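Visitor: I am new here. Could you show me how to read a helix and a pocket?

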Amino acid sequence: MSARIFSPAKTAMQSGKAKTGHWVLEFDPETRKKIDPLMGYTTSGDMRSQIRLAFHTREEAVAYAEKEGLAYRVEEPKEAKRRQISYAENFRYDRRTPWTH
């Protein structure tokens, strides 16, 4: 049984960085999911796939995994590449393409 420790990225509906500073420990699935033939739902007998433990810091998550004897891997968060532009850039005289309505 292994676990994954990561810091979740912001959702597509967020413009700010709220709810992104915590770390999560999730267990890797032990069995494959199957489709229920009667209702068509996706089911699994793996109860650990439903567990998501949240921690304030990465060190707390790693300490918990080591205390419980879990094999774990840490996925470092990727920094977002943001391009700083201003409204005045639309009216520069050396613009590549002319600005029109």
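Guide: We will take the helix, then the pocket. This is a predicted model, where local features need pLDDT of at least 70, side-chain atom pairs count only at pLDDT 80 or more, and totals for chains, interfaces and linings use all residues. Residues are numbered from 1 along each chain as its sequence is written, and side-chain values use heavy atoms, with hydrogens and water left out.

Visitor: Which residues of helix α1 are buried?

Guide: An α-helix has 3.6 residues a turn, so residues three or four places apart point the same way. Here α1 spans residues 58-68, with A61, V62 and A65 buried (under 20% relative accessible area, 1.4 Å probe, protein chains only). They lie on the same side of α1 because they cover an arc of only 95° around the axis, taken from the directions from the helix axis to the C-beta atoms. On the other side, E59 and K67 are exposed (over 50%).

Visitor: What do the buried residues of α1 pack against?

Guide: They pack against the strands β1 (2-6), β2 (23-27), β5 (52-55) and β6 (71-75), contact being heavy atoms within 4.5 Å. Just after α1, G69 has a positive phi of about 75°.

Visitor: And how many residues line the largest pocket?

Guide: A pocket is an open set of points on a 1 Å grid over the protein atoms alone, where a 1.4 Å probe fits, with protein on both sides within 12 Å along at least five of seven lines; lining residues have an atom within 4 Å of a point. The largest pocket has 13 lining residues, with A9, K10, K17, T20 and K78 nearest its centre.

Methods. Helices (H or I, at least four residues) and strands (E, at least two) are DSSP runs, numbered from the N terminus.
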